[in-house]
Amino acid sequence: MKNKGFVQVLVVVLAVVCLYQLSFTLVTKNVERKAKAEAEETGRTYKEVIDSLRPETVLNLGIAKFTYQECKQQEINLGLDLQGGMNVTLEVSVPEMIQSMAGEGEDDAQYLKALDQAKKEYLGQGSFVDLFAQKYDAINPGGKGLARIFYRKEYKSQLPNQFNSTNDEIYTFLKGEAKSAIGRTYKIVQARIDQFGVVQPNVQLLDNGRILVELPGVDDPDRVRRILQSSAKLEFWEVYPNAEAAKYLEEADKVIAAKLQEGMDEAESTQSATEPSAEPVAIEPIAVDGEQAAPEEVAPVEGDSNAIAEVDTNALNDSTGQMTQEEALIKQPIFARWIPNVNQQGTQWNPSAHVAYVHQKYKEFFDSFLNDKDVMAVMPEDIRFKWSYKSSDEEGNYYMLYALRTSSNGKPALDGDVVTNARPTIEPSGEYKVSMSMNNQGAREWKIITEAASSKTPKDAIAIVLDDMVYSAPTVQGPIPNGQSSIEGNFTMEDAEDLSNILKAGKLEFQTNIVEETTVGPTLGQEAISAGLISLVVGFIAVIIFMLLYYGRGGLYAVIALLANLFFIMGVLAGFGAALTLPGMAGLVLTIGMAVDANVLIFERVKEELGTGKGFKAAVKHGYQAAYSSIVDANVTTLIAAIILKVFGKGPVAGFGIILLIGILSSLFTSIALTRLFVERDIAKGRDTSFGTNISKNWLKDFNFNFIGNRKKFYIVSSIIILAGIASMFTRGLSTGVDFKGGWSYVVQVDNAAGTEEIKGELKNVITDDNIEVKRYGEAGHYKITTSYRIADQGKEVGTEVKGKVLDGLKKFDVKEASILSESRVGPTIAEDIKVASTWAVIISLIGMFLYIVMRFRKWGYGLGATVALFHDVLIVFSVYSIFQGILPFSLDIDQAFIAAILTVVGYSINDTVVVFDRVREFLGTHKYETNTAGVINDAINQTLSRTLVTSLTTLLVVLILFIFGGEGLKGFTFAILIGVGVGTYSSICIATPIVVDFMKKKKQ
């Protein structure tokens, strides 16, 4: 063996490097085990103990020391499906950006029509600006109308032609602004996550302009959504005195009443369209906490009343006269729907800033009419209405309505950009608040604003508004000269910390939507780890037993190489910080089966050389040399599939591609170089390595079947299966997973349900959506619920509402929020992206395999045979999934994991085919004068049959173990590989090679 010394040194270096990388994981696991024991002994929480250990040195290598925190950063990164956590994909709203950039011509009919059409048709592929351009040019061909709409003085450097800019120049400008906005949003999101305190967070700016955020170990998805989606638009507003605002609302009440009455005259009633309930809330006395927050430290506050316990119903009845409830809702629509902020006698307004309390079900009514142009016409131009951040009662039903005053430029008195720092602080009373500091300019303006507010009689309030919600509105008692202010809102410590971090990171300019989201609870993550480890161990033991029984000492060397392979893979994963996901663990198990493939090729070839009478040393030399070509060809094709998975896959599927990629490269080295070292050592000691046992020595030795002669029978069998599958696909269709069609998905623990139909029936009573699916998911009592209810909505509270609906539907079974083991959301744009990417992945893999075969074998016949066999394998797997969906006791969804399985099958199938083709090419070369070409090819197939069946058997063995022990999350994935590997082995012998024969015959004719 040449370069033996180099190989030995390389093995030692790799081992040392991998041991170094894995040492961090070993140390952190040991520290965490001791921390759990200490927490149990001392009564402290595990978090308290582990947090105290973060700065301590836990690894001393002599030349370098590492704290627990540093070790944690370098340990093997587990995917969210294994350790629990949250994965979110964010998308900046480019339509909102375009709307915000429009100037004086923002009401242009053609512009608005084009924008509306683009919004409706945009599915997330390509550029929104390009689609908007297409729509606008169709409406207004050849015009320059957009320059009038978008040109502003601040854009002079980007649009030097100013009002003479062409539409194409405007489109280019908008694209650039969209790219910049996405980049700025990415930096702000990254800054917020950096302050979130999560170990090993991952924030990536994706190629399509979306932002991926992965947060391991997070168990509060609502908190994460607030941090990611809060725009942090902080503003300071002057406040209208509530008595003055109420006078204007009296005029507004008359206009609204007239509109409602007009509607009643035109139709029977509009009340059903505007009222969730006919009961007027204002008739009922309520207990109110008072102002949103306690008196503020922004300045001494007096009279900010917290004393309202209930409102006298007689006073309210006086305002509505002796009208019935239904009449009051029409004739005095505002006063019948609110509780004014008056004293208990109803004789005067309270000095606190808000105008009234409004039940949450009437908020939409107020928002609609208070923004109506006719209503706004009877009120001052500078008045704006906003809601309190939190409800004012413990039940969460009532919100406070504030009347705010704009400055002369139509904006708030002071913008939050002047805030330079924010920090959580605690009052002597134990309440948390967020204290803020301003820059010099802000401090000067703040002093002027507070001085003006405190000089009035009575003194004015200043509202602190974040993301268009009033957090507090204290009455200012005197000027504040130092630029200090604070926000109070009955915060918890966590709320105050999050708000401080959001303000420090900066505000998001445009709306940021969550288009995809996955949350995995720690329970499901631990189950996945256990299932993956069991599969790995059982699969490894099965391969060890098989290799030892079939190849003897040679099998032992292959097993040692396999151990080294797994060690190197884990070391590389740790070194590069790649995440080990559940499909990644499946990739490890699959690598076990595929890693011995090269050894099988070598050992079978050495046995053939020994059978020709060569000495052991010569047989080993020629066996390794002859096998190299097939090994390289077979692994290159699988490598193509792995690269495509990495490029086109998302999340765990990409993780599977990475493991497969590393595994292929590592197994090539260990299977060829490492085993050769052991065999060479035996030769040096004068000892022959056994490559067989009594069990295997005569297996298939004299087997000879006429595969080519029976090829038409194989064609007929395959055609029947494929035609049955196509018929099933047209009649029954395929069950698509949530990541292909979009929707919400929840894995829920339901212990006392009779079955899926009972659960589905209860859910349909609550969720108005026909597309509700309920399937069993692994363990007893685990169910997977999928729905597309409100999936296209972008509101920040949509996710909470949908989950609430699911929990309402499961009330009968006493299901609580803790029973939801995982949840995910795939928006329509992401679903479309996944479908497009998956389609391209399959197409590119098939084209890539075809081109490689043609290039490698230099004949179209080989490429044709291999490609037809691949189509054959893919179609049969699809056919099985269509025919048996709903029959087999596990999910057969077509999703990302299924596509990963298809690509794996494609790679494995072409692997088998290449080995057969290599032997066919070799036999045709040595029998070039033989006239019976079909007979020569048939001999080549029989010669490689042992190798083909042994490699398929080892792979099928580990995939079967993965299918049995790998958990519900891998059932559909492994079933596709199980079918695909079996069919791939069959097609490489019975379909691909016979097609080459038929092609050669036709070419000769």
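Begin by selecting Val224, which in this predicted model sits in helix α10, a helix that runs over residues 221-229. Colour the chain by accessibility and Val224 will show as buried, because its relative accessible area is 1%, well inside the cut-off of under 20%. With its neighbours within four places in sequence set aside, the residues in contact with Val224 are Met86, Phe196, Leu215 and Val218, and these can be displayed as sticks around it. Then draw a distance from the C-alpha atom of Val224 to that of Asp207: the two residues are 17 apart along the chain, and the separation comes to 23 Å.

Now zoom out to the whole protein chain. The C-alpha trace spans about 115 × 70 × 70 Å along its principal axes, and a cartoon view holds 32 helices and 23 strands. Of the 1005 residues in the chain, 54% are buried. If contacts are restricted to residues at least 6 apart in sequence, 75% of them join residues at least 24 apart.

Turn next to the empty space inside. Rolling a probe the size of a water molecule over the atoms shows where empty space is left. The count comes to six cavities of 30 Å³ or more, and the largest cavity has a volume of about 140 Å³. To find the largest cavity, select Met594, Ala595, Asn635, Ile664 and Ser667, which are the closest to its centre among the 14 residues that line it. Three helices, α21 (582-611), α22 (616-648) and α23 (652-684), each supply at least two residues of this lining, and α23 gives the most, with six residues. Coloured by residue class, the lining of the largest cavity divides into six nonpolar residues, seven polar and one charged.

The second largest cavity, with a volume of about 90 Å³, is the next stop. Select Phe648, Gly649, Ser838, Gln896 and Ile899, which of its 14 lining residues are the closest to the centre. The elements that give two or more residues to the lining of this second cavity are α22, α28 (828-857) and α30 (896-926). Its lining divides into 10 nonpolar residues, three polar and one charged.

From the cavities, move to His872 in helix α29, which covers residues 860-883. His872 has a relative accessible area of 5% and is therefore buried. Show its side chain together with that of Ser718, and a polar contact of 2.8 Å can be drawn between the two. The wider set of residues in contact with His872, leaving aside neighbours within four places in sequence, consists of Ser718, Ile722, Val983, Tyr986, Ser987 and Ile991.

The last part of the tour follows charged side chains. Side chains of opposite charge can pair when their charged atoms come close. In this model the count comes to 43 salt bridges, a few of which are worth selecting in turn.

Start with Arg947 and Asp597, whose side chains meet in a salt bridge at 2.8 Å, N to O. Arg947 belongs to helix α31 (residues 933-965) and Asp597 to helix α21, so this pair ties together parts that are 350 residues apart in sequence. Arg947 counts as buried at 4% relative accessibility, and Asp597 is likewise buried, with a relative accessible area of 7%.

Next select Lys456 and Asp460, which form a salt bridge with their closest N and O atoms 3.0 Å apart. Lys456 is partly exposed, having a relative accessible area of 37%, whereas Asp460 counts as buried at 11% relative accessibility.

Continue to Lys811 and Asp808, where the salt bridge has an N to O distance of 3.8 Å. Here Lys811 counts as exposed at 60% relative accessibility, while Asp808, with a relative accessible area of 38%, is partly exposed. To finish, select Asp222, Arg225, Glu517, Lys803, Glu817 and Glu823 together: salt bridges that share partners join these residues into one network.

Methods: Residues are numbered from 1 along each chain as its sequence is written. This is a predicted model: local features need pLDDT of at least 70, side-chain atom pairs count only at pLDDT 80 or more; totals for chains, interfaces and linings use all residues. Side-chain values use heavy atoms; hydrogens and water are left out. On a 1 Å grid over the protein atoms alone, a cavity is a set of points where a 1.4 Å probe fits but cannot get out, and a pocket is an open set with protein on both sides within 12 Å along at least five of seven lines; lining residues have an atom within 4 Å of a point. Grid points are joined across faces, edges and corners, and a volume is the space filled by probe spheres set on the points. Helices (H or I, at least four residues) and strands (E, at least two) are DSSP runs, numbered from the N terminus. Ala, Val, Leu, Ile, Met, Phe, Trp, Tyr, Cys and Pro count as nonpolar, Asp, Glu, Lys and Arg as charged, and the others, Gly among them, as polar. Buried means under 20% relative accessible area, exposed over 50%, partly exposed in between (1.4 Å probe, protein chains only). A polar contact is a pair of N or O atoms within 3.5 Å; within protein, one must be able to donate a hydrogen and the other to accept it, and residues adjacent in sequence count only if both atoms are side-chain atoms. Contact means heavy atoms within 4.5 Å. A salt bridge is a side-chain nitrogen of Lys or Arg within 4 Å of a carboxyl oxygen of Asp or Glu.
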